[in-house]
Amino acid sequence: QVQLVESGGGLVQPGGSLRLSCAASGSWISINSMGWYRQGPGKQRELVAQITRGGTTNYADSVKGRFTISRDNAENTVYLQMTSLTPEDTAVYYCSTSAITETKLGTFQSGDFWGQGTQVTVSS
């Protein structure tokens, strides 16, 4: 299993910046990708940014040019640098990973794992 813990959320004024961190722990064979999702008030959960094992990144159109995702493979940590924040960015941000793990039967399986989320509030 993979455990994910997010940190770095908080209250920031419009135009401000925040840096979120997600630390992975536990056991796995391989982490294929890590990403950030968010769910704002009255909204559905959406993908914000994703980074693959090879370093390829993918961003939601709404955050392109403002958010940057990066990963420290050695420390099993993924980051989300957020700039030019707007009230529309207010949401609970969740870290997620797609990983290959070993079952009790000794076989491999793929699965998604989620953190508990960190609140980001953008308001004056």
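## Thr101, a buried residue

Let's start with one residue: Thr101 is buried, with just 3% relative accessible area. Keep in mind that this is a predicted model. You'll find Thr101 in strand β9.

What does Thr101 touch, once its neighbours within four places in sequence are left aside? Its contacts are Val2, Ser27, Trp28, Ile29, Thr107, Phe108, Gln109 and Phe113. One of those partners, Ser27, gets its own section next.

## Ser27, out in a loop

Ser27 sits in the loop between β3 and β4, where β4 covers residues 30–39. Is Ser27 buried, partly exposed or exposed? With a relative accessibility of 45%, Ser27 counts as partly exposed, because that label covers the range between under 20% (buried) and over 50% (exposed).

Ser27 has a contact list too: leaving aside neighbours within four places in sequence, Ser27 is in contact with Gln1, Val2 and Thr101. So Thr101 turns up here again, because contact is about heavy atoms within 4.5 Å. Now pick out Thr121 on your screen: Ser27 and Thr121 are 94 residues apart along the chain, and their C-alpha atoms are separated by 32 Å.

## The disulfide

Here's a bit of chemistry to have in mind: a disulfide is a covalent bond between the sulfur atoms of two cysteines. How many disulfides does this structure hold? The structure has one. The partners are Cys22 and Cys95, and their sulfur atoms are 2.0 Å apart.

Where do the two cysteines sit in the chain? Cys22 belongs to strand β3 (residues 18–26) and Cys95 to strand β9 (residues 91–102), so the bond ties together parts that are 73 residues apart in sequence. The disulfide also has a handedness: the torsion about the S-S bond of Cys22 and Cys95 is about -80°, so this disulfide is left-handed.

Are these cysteines buried or exposed? Cys22 is buried, at a relative accessible area of 0%. Cys95 counts as buried as well, at 0% relative accessibility.

## A sheet of four strands

Strand β3, the home of Cys22, is also part of an open sheet. In what order do the four strands of this sheet run? The order is β1-β3-β8-β7, and the pairing is antiparallel. At the edges you'll find β1 (2–7) and β7 (67–72), each of which pairs on one side only. From one strand to the next, the twist averages 15°.

Let's follow β3 and its partners. β1 and β3 pair in the antiparallel sense over six bridges, and Leu4 stands opposite Ala24 in β3. β3 also pairs with strand β8 (residues 77–82), again antiparallel and over six bridges. Across that pairing, Leu20 stands opposite Leu80 in β8, while Arg19 has Gln81 as its bridge partner in β8.

## Strand β11 and its two faces

Strand β11 (residues 118–122) has a covered face and an uncovered one. Which residues lie on which face? Thr118, Val120 and Val122 make up the covered face, whereas Gln119 and Thr121 are on the uncovered one. That's the Thr121 we compared with Ser27 earlier.

β11 pairs with strand β2 (residues 10–12) in the parallel sense, over three bridges. In this pairing, Gly10 has Val120 of β11 as its bridge partner. β11 also pairs with β9, this time in the antiparallel sense and over three bridges. Here Val92 is matched with Gln119 in β11 as its bridge partner. So β9, the strand that holds Cys95, links up with β11 as well, because strands pair when they share at least two bridges.

## Two more details to look for

Ser84 is worth a click. Ser84 lies in the loop between β8 and β9. What is the sign of its phi angle? Ser84 has a positive phi, about 50°, although it is not a glycine. At a relative accessible area of 41%, Ser84 is partly exposed.

Next come the rings. Arg45 lies over the face of Tyr37, at 5.6 Å from the ring centre. As for rings paired with rings, the count comes to one aromatic pair, using ring centres within 6.5 Å as the rule.

Terms used:
Residues numbered from 1 in each chain as written. Predicted model: local features only at pLDDT ≥ 70, side-chain atom pairs only at ≥ 80, totals over all residues. Heavy atoms only, no water. Disulfide = S-S within 2.5 Å. Buried < 20%, exposed > 50% of the residue type's maximum accessible area, 1.4 Å probe, protein only. Axes fitted to C-alpha atoms, helices over the stretch in contact; angles between N-to-C directions. Phe/Tyr/Trp six-rings, centres within 6.5 Å; stacked < 30°, edge-to-face > 60°. Lys NZ or Arg CZ within 6 Å of the ring centre and 35° of its normal.
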